[in-house]
Structure formats: C-alpha cells, structure tokens
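Visitor: I should like to take a close look at a single part of this model and to understand how it sits among its surroundings. Please treat it in one connected account.

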Amino acid sequence: MDEKKLEDVLRVIELCRSVQGSSANPFDVDIREKIALLKKRLPDWNFLDELLLDSEAMLELAQIVRLQDEWLKHRASALYIDPFLVQLKVRLLSKEELIEAFVRSWHPIAQLDQISPQGLEKAFSYWRDLQPLSERFRTDFGNYGVKPGSIDLEGLLKMRVFTQEEFDSELKSLYDELMEKSGGEWVDYREFIDKPKMEEKVIRAYMLAFLVSEGMASLKTDPLTGKVSLMASAKKLGGTPKSVAISITGES
Amino acid sequence: MMEPTDRALLERKVRKAFQVLILQRGRNPGVKGWELKRHLGRDYKKIIEVLSEEMIGLGLEVFEVKGPDGTDDTSRFLLRFRDPPTITEAETSGIRIDDLAVLASSIAFVNSKQGRAGRRELEQFLREKFPKWRVEYSLDRYVKRGYLEQDDKALLHVGWRTRAEIDEKTLMTMILSRGSGEVSSS
C-alpha cells in the first residue's frame, strides 16, 4: 500500500469534513481538482480498504456539492446580505430595537393545548404501571444513591478486592513494616498510612484496623491534639478492645 | 352557483379543517399534508384555502411550511396570526421579551452565514451583547422549540418554526434599517 497516495485521499476526506463542520465557504473546495486526483489514483488501488476509502472520498465530495447548492440558493434569495453588515448592525442595535424588529416580523402560531381521551388513557396506564421511586432507582442506577454502610473482610473477599492469601501476606508485610518503624516507640498513624494514592492509603488503614483488632498493634489518641499514634506489639495483646473512629482524607 | 348539498359538505369540511389545525396533536404544532388528506380528502388544499379566507376576519391565516422534499404531503400546515402582535401582546406569549432579542440576533447571524453557523461561533457573537447564562439557556430552548436546528456537527440552522412564524425577509430588513431612521416592513 503506497502511504503517500493514500495520504492524498485522506487529505481530501479531511478537507471535506472540515468544511462541512464549519460555516466555511463550500466553494473553497475545488471539486474538479479533487475528482481528477481520485481518478488518477483509482488504478493504483488493489485492496478493498483502499477502494472503500476512495468511495468515502467521493461521498464527502458529493456532500460538498450539496452544500454548494444550498449556498447558491441562499445567496440567490432575498435573504442574502453582506454578513459583516448584518453582524455590525446587530452589534450596534439596542436590545429594545432588536425586540421591535423581531416582533414586527413575527406571526405567532395559534393553537389549543388540550388533553384528549386517548391522552388521558395513556396517562392513566403510565401512572398505573409506574414503579415506586426506590424500585426505579434500583433498575436505572443499580446501587447508586445507597447510603454508606460497612463491609467486612468476607464482603471484600466476595467482591474480589482481595483473595484470602493476598490479604494474609499483605497483613504480614504491613505488620513487619510497622514493627521495623516503631521498634517499641509510638509512630504517627497518619504518617504511617500515608501514600500518594488515596486507594492505597485506605487499604493500609483498613489492614491496620485488623492488626489493632487482633492485638498485634496498639493505638492511642490524644484528645487535645487529635494525634493518633501506633505501636507494633511483639506479643498478642489482651484486654478489652475499644472502637476508635478515624477519618481519612486525600490530604496527608 | 354551488348546490346546497355541496355547500353543506364544504362547510363541514372547512369546520373539520379548523378543528384539525387548531388542536395540537403531537409535540409540535401544525398538521402534515398527508394527515390533512386523511381527514379532508384529496382536495384538502382547496378546503385549506377556503378556511384561510374565512380566518381573515379573526386575524388568522393558514400557513404552509414546506417539508424537506418540497411535496404537499410533507408540508406542515398551521394557523398563525395574520399580522404581527404588538410588543405588549408579545409579552403575554410565554417567551421572555429579553429572549426575543437573542432569537432575533441568532436568526440574523445564521442568515448572514448562508444559513449555517457554528454554535460556539454564535455563542461568542451573542456574548458581546447578552450574559453567558442567558445565551446558553436561550439557544438550548430555541433548539428544543424548533426555532433553530442543531446538527451532529454542532452547526445551527434556521428551524421549521422560524420558517413558520417569522418573516425572515422583514426581520433582516428591519435590522438593517434600524438606526438609519428608515423603516421598511415589506
């Protein structure tokens, strides 16, 4: 396939499309020249794709001829006035003058809006078959709009966010990381979970909650400063666990 | 001289034509030629002419908007005001009077561009005179109501409703003559 020759055809298609997609003058496209070019290239095409491209170019040229026809008809009509003059006039006229010009050339349609027996019957059927709002939302948007709730590990495994093996190995590596960083000291919770991506941050926070619940780490909060600290524990801790709510935002 | 039975038949058909035209059936006002043929018979255009004559006394007329192929069957027939309303009457039409200025400018701009103008191009032009929110809101509304047509390339054309309700020649003449102290309504 000769790329150079194909490029010529593609250029014709592109030119035609750009003229069709704007208010440019369709006579800017030299139809004779473009058809001569397509005619010259036609014997070179051997494959179906090339022939289809050639037909596409012809179709686009035909659309330009249609636009040229419309253009001529418009120019020949009494509506043709120098575009710059019209635009200048509209710019200069006040809103009131424009309204007056419009109203003096306006013939509003006279009509009556009324409900027919057929319309009434249609409305009744629609209302009868209309599902409650909650049902419609479920069909249209799935779970969109459901209030936030809680999800446990089993739920996440079912959703295939984790497999059990992945989860266990991630939990182990997080525990090792915490053990190494804390070394018997308290570390800042937010610094520890911080990652560039929000998803990673949430996953680390989620897994830390497991470590703390399992007694593999302790967590304390300072009520005055709001600072949350963590410390890894070499031995599994006992005692009564307490719930702590920690919000996680995109900021570190 | 027309036979009494023929006259009665004609009167009945004219009444029927008026009822068909005045009641809005679909989403858009007016009735297509093929529908009128179904209601009034093959000579429906003659009946429409008689009705149009009779409507003069009420200040109305039957107006035909040619369809895409130019045949009578695809034409849309509708009843419209024979003479333009006053500005006070226009204010009761449901369209905000300020929005009419946007429509007048849009039609003039599209016509000045040989009947098709890019939406963004028109928006930019209108923003010189009207606030951005009004321009976008009004254009959407006029496209929806059939005064303007927008194609898949975001080019705007004059819609069927403009061809039905607005005497574009008069509008263009009025716009050009404003400010020069000369007014023409031909």
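In helix H7 of chain B, which residues are exposed, on the other side of the helix from the buried ones?

Guide: The model is a predicted one, and the account that follows should be read accordingly. The exposed residues on that side of H7(B) are Trp133(B), Asp140(B) and Lys144(B). The opposite set consists of Val135(B), Ser138(B), Leu139(B) and Tyr142(B), which are buried. Viewed down the axis of H7(B), the buried residues fall within an arc of 100°, so they line one face of the helix.

The helix itself comes next. H7(B) spans residues 132-144 and contains 13 residues. From its first C-alpha to its last, H7(B) reaches 19 Å, close to the 18 Å expected at 1.5 Å a residue. Just after the helix, Gly146(B) adopts a positive phi of about 90°.

What lies over the buried face? The cover of the buried residues of H7(B) includes H5, H6 and strand E5 (148-150), which belong to chain B. One contact may be named at the level of single residues: Leu103(B) touches Tyr142(B), as well as Tyr147(B) and Phe102(A), when residues up to four places away in sequence are left out. Tyr142(B) is among the buried residues of H7(B), and Phe102(A) belongs to the other chain.

These contacts lead to the nonpolar core. The largest such core holds 36 residues, and those with the most contacts inside it are Phe102(A), Leu103(B), Ala104(B), Ile107(B), Ala108(B), Leu171(B) and Ile175(B). H7(B) is one of the elements that supply at least two residues of this core. From chain B, helix H5 (97-112), helix H6 (119-127), strand E6 (155-158) and helix H9 (168-177) do likewise, as do H4 and H5 of chain A. H5(B) gives the most to this core, with 9 residues. A second, separate core of 16 residues includes Leu36(B), Ile48(B), Leu79(B) and Ala164(B).

The presence of both chains in the largest core leads on to the interface. There, 38 residues of chain A are in contact with 51 residues of chain B. On the side of chain A that touches chain B, helix H3 (48-76), helix H4 (83-92) and helix H5 (95-103) each supply at least two residues. H5(A) gives the most to that side, with 8 residues. By class, that side of chain A comprises 19 nonpolar, 10 polar and 9 charged residues.

The rest of chain B gives the wider setting of H7(B). The secondary structure of chain B comprises 9 helices and 6 strands, and 34% of the 186 residues of the chain count as buried. Of the contacts in chain B with a separation of 6 or more, 52% are between residues 24 or more positions apart. Among its strands, E3(B) (residues 76-81) has 5 of its 6 residues buried, so the strand is largely enclosed by the rest of the structure. Strand E2 of chain B (residues 60-65) pairs with E3(B) in the antiparallel sense over 6 bridges, and Val62(B) has Leu79(B) as its bridge partner. Leu79(B) is also one of the residues in the second core. Strand E1 of chain B (residues 31-32) likewise pairs with E3(B) in the antiparallel sense, over 2 bridges, with Val31(B) standing opposite Phe77(B).

Chain A may be set beside this. It has 11 helices and 3 strands, and 13% of its 252 residues are buried. Of the contacts in chain A between residues at least 6 apart in sequence, 62% join residues at least 24 apart. The strands of chain A form an open sheet of 3 strands in the order E1-E3-E2, with antiparallel pairing. Strand E1 (187-188) and strand E2 (217-221) of chain A are the edge strands. E1(A) is joined to E3(A) (residues 228-232) by 2 bridges, and Val187(A) stands opposite Leu230(A). E2(A) and E3(A) pair over 5 bridges, and Ala217(A) has Ala232(A) as its bridge partner. Their hairpin has 6 residues between the strands, and in it Gly226(A) takes a positive phi near 80°.

To return to the helix in question: Trp133(B), Asp140(B) and Lys144(B) are exposed on one side of H7(B), while the buried residues line one face.

Terms used. Residues numbered from 1 in each chain as written. Chains lettered and ligands numbered in written order. Predicted model: local features only at pLDDT ≥ 70, side-chain atom pairs only at ≥ 80, totals over all residues. Contact = placed C-beta atoms within 7 Å. Helix = DSSP H or I, 4+ residues; strand = E, 2+ residues; numbered from the N terminus. Nonpolar A, V, L, I, M, F, W, Y, C, P; charged D, E, K, R; others polar. Buried ≥ 20, exposed ≤ 12 C-beta atoms within 10 Å, placed from the backbone. Core = buried A, V, L, I, M, F, W, Y, C linked by C-beta atoms within 7 Å. Expected span 1.5 Å × (residues − 1). Arc of directions from axis to C-beta. Pairing = 2+ DSSP bridges.
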